[in-house]
Number of protein chains: 2
Amino acid sequence: MDTINFGAGPAKLPREVMCKVQRDFLNYENSGISVVEMSHRSAEYEKINNDAQKELRSLLNVPENYKIIFLQGGGTGIFAAVAMNLMGRTGSADYFVTGSWSSKAAKEASKYGKVNLVLPKTDVYTEVPDKSTWKLDPQASYVYYCANETIHGVEFPFIPDVDVPLVADMSSNFLSRPVDVSKFGVIYAAAQKNIGPAGVTLVIIREDLLGNPLPICPLILDFTVMAKDNSLHNTPPTFGVYVMGQVFKWVTEQGGVEEMERLAKLKSELIYSTIENSGGFYFTSVKAGYRSRMNVPFRIKNSELEPEFLKEAKNLKMIQLKGHRLVGGIRASLYNAITMEETQAFKKFMEDFMKAHK
Amino acid sequence: MDTINFGAGPAKLPREVMCKVQRDFLNYENSGISVVEMSHRSAEYEKINNDAQKELRSLLNVPENYKIIFLQGGGTGIFAAVAMNLMGRTGSADYFVTGSWSSKAAKEASKYGKVNLVLPKTDVYTEVPDKSTWKLDPQASYVYYCANETIHGVEFPFIPDVDVPLVADMSSNFLSRPVDVSKFGVIYAAAQKNIGPAGVTLVIIREDLLGNPLPICPLILDFTVMAKDNSLHNTPPTFGVYVMGQVFKWVTEQGGVEEMERLAKLKSELIYSTIENSGGFYFTSVKAGYRSRMNVPFRIKNSELEPEFLKEAKNLKMIQLKGHRLVGGIRASLYNAITMEETQAFKKFMEDFMKAHK
């Protein structure tokens, strides 16, 4: 049995992509050199850069009035960038805080303007609270939310309907389902969850939101500069962009985001049903309806069994399953690259473990 | 004959390193997964992160009161970061502008404080002007210089002697000679010239300079946060750090920075002497004493021959030799990974070309 990598990120990438990257590593398309040794000003890299955008544009039907840019600095970089690029309009922004990542995003944004919290303050993240509790400010420069909280396993089952530009962190569920891009001002994703190696972050931004960065915005986080220069203002993380482009191709070959959605539902349902059917042996705190299809955090009622669970899983080469320190327990991440077979193997292990330890 | 990659960056990396990275790409040290699929919180990655620092500390004898951190955003990111982290002391900084890169650094820094130019303003960069022309401000928060200007081929043959913390951009000559780190407040290098793939930037900073970032400094550029969290505040560019660590090991195996310096002198001397001995067929504008050992920009007196030179070179698989658009002509970059044999092959080609076209 091969290793099964349930890591939350950096995470498993499609085997076919990884094999191709390895095969071509020393000699990219007969250039005689590696893609990591290639000038970002070369025609070859320009094609890599443009092809990745083209493939993504086709995968998500990104409308023509949206720019696709590739940046560095991960989600944490974009936390600051979103505020520095968009806060200028009114000086304030609305943040949905539904887990650790949106909480961090709100905190970082508060360096650059006034941050309003849309939801009642809490540190227990198990759902998206009811619309009746939302406090939206019509003067907000934008409304921000995290479509999928990787740590807490809370996923928005809908797109919030708001009157100002909507900004979504889709780092951990990007390309896991179709998205109507036209509903958003900005969609972004750090690659290391579902689409590539750590070190590259993708931003899709509606053109009319460009042009108004705060004067203190560093060039590397300036959406306007990066869009104008086609993500080539400075040296981009070339290897990451290249691998990401290969992942986009792979998604297309698999049947696109519709197929990714179909599989994401099936895979996550396999695990959630095992939890539900365990008679309380396993449990998850996340409320039905808001459970992430990408990251399944769960506990064992007898928490002393959790280290044993992780150990036995590792013996079966199922790895990177430890829950984030903030929530403990176990977390199985089921990104696009995780196959049905791998998910079934994990489900079987969960059942076997329960039988042995009940 | 194999391809010879004289690119200025992203540039050739040592063949031995590239082969090892390829070999281990799908299965890092029997982990069953790729280094790009590995959590940055794993023990394996922690070791990669710590080993890279340890190796570099040993290579450059980095004193204990200096931190080594790994960031994203390239040199352009650090242009802003240096100012945001160090400008707070007095609100102004001194900049040596000796080429495009230091010019860009000064411009970016001026977003965050007052920038004084140490040298008389010019856009012809062919030397480091004499000390008698320098205007240093004793109140400057720091003095900044670019140790090697990749585009203009101007390299500092000395370390400026100043009374405030000294900041050096060593992106394109890092690890090409021994450096007395204790003379610096900050040394930084974007990896894609001499030490790794694009997407990771290394900063060596004296500890007492930490702790005073501007309040608007984004977390990803905050030296204090990154030093405290051992470059693991957020997901680092794991692949880049890993490859960079392998390059550090390779430099050690080759004989360290002393050996790199010996070879850098020999290699660059081979090319500069060919230019000098060409009777004016080839020429370089950079004044003797300031000529970069890493990047040799030169022209052909009859500039119409330059496209032919590049074409014939390419036929011999000598690639990425086109000069930067700002200076035109030809540029041969002779980073650590370029061998003596490769340099000799290029010298021979220069001589043959001259004979054929004189």
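In this predicted model, helix 3 of chain A is the element that gives the most to the lining of the second largest pocket, with four residues. Helix 3 (74–86) of chain A also appears among the elements that give two or more residues to the side of chain A that touches chain B. The two chains bury about 4,400 Å² between them, and residues of both chains are found among those closest to the centre of the second largest pocket and among those nearest the centre of the largest cavity.

**The second largest pocket**

- The second largest pocket holds about 1,200 Å³ of space, and of the 47 residues that line the pocket, A:Gln320, A:Lys322, B:Ser39, B:Arg41 and B:Ser42 are the closest to its centre.
- Besides helix 3 of chain A, the elements that each supply at least two residues of this lining include helix 4 (100–109), helix 8 (306–315) and strand 13 (318–319) of chain A, together with helix 2 (43–60) of chain B.
- Sorted by class, the lining of the second largest pocket is made up of 13 nonpolar, 23 polar and eleven charged residues.

**The contact between chain A and chain B**

- Chain A brings 54 residues to the contact and chain B brings 54 residues, and 61% of the area buried between the two chains lies on carbon and sulfur atoms.
- Within the area that chain A buries against chain B, A:Gln22, A:Leu26 and A:Glu37 supply 14%, which is more than any other three residues supply.
- Between chain A and chain B there are zero salt bridges, whereas 21 residue pairs are in polar contact, counting pairs with both residues at pLDDT 80 or more.
- On the side of chain A that touches chain B, two or more residues come from each of helix 1 (15–23), helix 3 (74–86) and helix 6 (238–254) of chain A, and helix 1 of chain A gives the most, with six residues.
- That side of chain A consists, by class, of 27 nonpolar, 21 polar and six charged residues.

**Cavities**

- The model has three cavities of 30 Å³ or more, and the largest cavity encloses about 110 Å³ of space.
- Lined by 14 residues, the largest cavity has A:Ala198, A:Phe239, A:Gly240, B:Ala198 and B:Gly240 nearest its centre, and the elements that give two or more residues to its lining are helix 6 of chain A and helix 6 (238–254) of chain B.
- The lining of the largest cavity has ten nonpolar and four polar residues, with no charged residues.

**Salt bridges**

- Over all chains the structure holds 34 salt bridges, including one between A:Lys67 and A:Glu207, in which the closest N and O atoms are 3.9 Å apart.
- This pair links distant parts of the chain, 140 residues apart, with A:Lys67 in strand 2 (residues 66–71) of chain A and A:Glu207 in the loop between strand 10 (201–206) and helix 5 (223–228) of chain A.

**Backbone features**

- In chain A, the peptide bond from A:Gly9 to A:Pro10 is cis, with omega near -10 degrees, and A:Pro10 lies in the loop between strand 1 (4–5) and helix 1 of chain A.
- In chain B, a cis peptide bond joins B:Gly9 and B:Pro10, with omega about -10 degrees, and B:Pro10 is located in the loop between strand 1 (4–5) and helix 1 (15–23) of chain B.
- B:Glu29, in the loop between helix 1 and helix 2 of chain B, has a phi near 40 degrees, a positive value in a residue other than glycine.

Methods:
Residues are numbered from 1 along each chain as its sequence is written. Chains are lettered from A and ligands numbered from 1 in the order in which they are written. This is a predicted model: local features need pLDDT of at least 70, side-chain atom pairs count only at pLDDT 80 or more; totals for chains, interfaces and linings use all residues. Side-chain values use heavy atoms; hydrogens and water are left out. Contact means heavy atoms within 4.5 Å. Buried area is the accessible area (1.4 Å probe) that two parts lose on being put together, summed over both. A salt bridge is a side-chain nitrogen of Lys or Arg within 4 Å of a carboxyl oxygen of Asp or Glu. A polar contact is a pair of N or O atoms within 3.5 Å; within protein, one must be able to donate a hydrogen and the other to accept it, and residues adjacent in sequence count only if both atoms are side-chain atoms. Ala, Val, Leu, Ile, Met, Phe, Trp, Tyr, Cys and Pro count as nonpolar, Asp, Glu, Lys and Arg as charged, and the others, Gly among them, as polar. On a 1 Å grid over the protein atoms alone, a cavity is a set of points where a 1.4 Å probe fits but cannot get out, and a pocket is an open set with protein on both sides within 12 Å along at least five of seven lines; lining residues have an atom within 4 Å of a point. Grid points are joined across faces, edges and corners, and a volume is the space filled by probe spheres set on the points.
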